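User: I would like a close look at one part of this protein, namely the salt bridges and the places they join. Please take them one at a time, and then set them against the wider layout of the chain.

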Amino acid sequence: MEQRVKELLNRILHPETQRGLMESGFVANVTANDEKITVVLQFAKVRDPFAPKIQRQVQALLEENFPALKETITVIIKEAAPKAAQPAEKRTTTGEIDHVIAIASGKGGVGKSTVTANLAVALRNMGYRVGILDADIYGPSQPKMFGLEGYLPEAEQVDGQDIILPAETMGIKIMSIGFFIKPSDALLWRGAMAVNALRQMIHQTRWGKLDFLLADLPPGTGDIHLSIISELKIDEAVIVSTPQQIAVADVRRGVEMFRNPQVNIPLAGIVENMAWFTPEELPQNRYYLFGKGGARRFAEENGVDLLGEIPIIQSIMEGADNGTPSVSIDSRVEPYYRDIAKKIVDKLRK
Ligand code: ADP
């Protein structure tokens, strides 16, 4: 019976190793008899972000296969071995980065990438050294935001390791998954392939000294996010939402992902994008096309800060299309992002 349990355990793949739990060495102990089954899992990392999900998968699979023992199946996660027992940390180029800020969203199309690009410019205007890691494998848009389409990063060999040179424009270092894949192929990037590419971008980009690295995450919450989170030490997360999307479960799932005890990344807060519309000819009027105050309510209910509200402004859209973030050209837009940037910086100082 133990053998059967082990076979079942090996059918569950760890998203990072892409190998079964037995094969990956993540099963510390199995006891199984006619009365009960106990499985002890032990992961290589002290805080493996996939642990809770795998624990649930194991529980469900065993319950399905041994329905009679449903009440007596226990799946435990044992603390990982102390750090010293693990292989030495691999070399990484992120050592000179002071703060990593992840920009996330529940769904695509809410302006996450636009906010990332403009925040980067706002932070640069404040005198900080800034980089952007565009990890949105489903729709990498930073190359377009900065007019860098077609940029082919060069690599150089340092001590036998390939180091990739980021693009640099407006004093901002930019590395995008879009430099490596055609937009039409983005949807084919799944699982291990995307994870490997992201890992290389994170650890092998010559960022140099940076005050802030903004990571433009893919929309939603999934294994790819957990992989990025486990590779990159993120100091704070920002969630971008539109008024329509704020009520939808995806945003709450985003909040829960960062608060998950295994992940435990502080949330700087929420940015409400496309909050209202003001026509040029009626500058005093604000039209809340998709409802008013939703993000503020959501923020209060979930104990998250509202970092700012950004209206719909034509130059924001045009800037994103033309490769010049609006903050650098439109003085009406700049204060919105400067304000948000300041709040983020202040939170990190606390
Ligand atoms: P995401 O990264 O969430 O998929 P994008 O940043 O690509 O979204 O934005 C989606 C579209 O909305 C783009 O065409 C962008 O120019 C536009 N957009 C984003 N924010 C604003 C805004 N505040 N005002 C006007 N257009 C905006």
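Analyst:

**Salt bridges and their surroundings**

K112 and D216 form a salt bridge in which the closest N and O atoms are 2.7 Å apart. Because K112 belongs to helix 3 while D216 belongs to strand 10 (residues 210-216), this pair ties together parts that are 104 residues apart in sequence. The model is a predicted one, and the distances and areas in this answer should be read with that in mind. Buried means under 20% relative accessible area, so K112, with a relative accessible area of 5%, is buried, and D216, at 0% relative accessibility, counts as buried too.

The surroundings of this pair can be followed through S113, which lies in helix 3 (residues 112-125). S113 is buried, with a relative accessible area of 8%. When its neighbours within four places in sequence are left aside, S113 is in contact with S141, Q142, M145 and D216, and D216 is the residue that forms the salt bridge with K112.

A second salt bridge also involves strand 10. R129 pairs with D211, and the closest N and O atoms are 3.3 Å apart. This pair links distant parts of the chain, since R129 sits in the loop between helix 3 and strand 5 (130-134) and D211 sits in strand 10, 82 residues apart. The two partners are covered to unlike degrees: R129, at 41% relative accessibility, counts as partly exposed, whereas D211 is buried, with a relative accessible area of 14%.

A pair within a single helix offers another case. R349 forms a salt bridge with D346, with the closest N and O atoms 3.8 Å apart, and both residues lie in helix 11 (residues 334-349), three residues apart, which is about one turn of the helix. R349 is exposed, with a relative accessible area of 60%, and D346 is partly exposed, with a relative accessible area of 42%. Elsewhere, salt bridges that share partners join K107, D250 and R253 into one network. A search of the whole structure finds 19 salt bridges, and the ones described here are among them.

One further salt bridge leads to the layout of the domains. The chain is divided into domain 1 (2-79) and domain 2 (97-349), and the centres of these domains, taken over C-alpha atoms, are separated by 36 Å. The count between domain 1 and domain 2 is one salt bridge; the side chains of D223 and K53 meet in a salt bridge, at 2.5 Å from N to O. On the side of domain 1 that touches domain 2, the residues by class are five nonpolar, one polar and five charged. Two residue pairs are in polar contact between the domains, both at pLDDT 80 or more.

In terms of contacts, 11 residues of domain 1 are in contact with 12 residues of domain 2. The size of an interface is often given as the accessible area lost when the parts come together. Here domain 1 and domain 2 bury about 970 Å² between them, with 52% of it on carbon and sulfur atoms. In domain 1, the residues that lose the most area to domain 2 are E16, R47 and P49, which together account for 51% of what that side buries.

On the domain 2 side of the D223 and K53 pair, helix 6 (residues 223-231) is mostly covered, with seven of its nine residues buried. The buried residues of helix 6 are I224, H225, L226, S227, I228, I229 and E231.

Within domain 1, two residues show how its elements meet. L8 is found in helix 1 (residues 2-11), and with a relative accessible area of 0% L8 is buried. Leaving aside neighbours within four places in sequence, L8 is in contact with L61, L62, N65 and F66; the C-alpha atoms of L8 and N65, which are 57 residues apart along the chain, are separated by 8.8 Å. V30, which lies in strand 1 (residues 27-32), counts as buried at 7% relative accessibility. Not counting residues up to four places away in sequence, V30 touches E2, V5, K6, L9 and T38. By contrast, V30 and T324 are 294 residues apart in sequence and 58 Å apart in space, C-alpha to C-alpha.

How values were computed. Residues numbered from 1 in each chain as written. Predicted model: local features only at pLDDT ≥ 70, side-chain atom pairs only at ≥ 80, totals over all residues. Heavy atoms only, no water. Domains from an automatic or database assignment. Contact = heavy atoms within 4.5 Å. Buried area = accessible area lost by both parts, 1.4 Å probe. Salt bridge = Lys/Arg side-chain N within 4 Å of Asp/Glu carboxyl O. Polar contact = N/O pair within 3.5 Å; in protein donor to acceptor, adjacent residues only side chain to side chain. Nonpolar A, V, L, I, M, F, W, Y, C, P; charged D, E, K, R; others polar. Helix = DSSP H or I, 4+ residues; strand = E, 2+ residues; numbered from the N terminus. Buried < 20%, exposed > 50% of the residue type's maximum accessible area, 1.4 Å probe, protein only.
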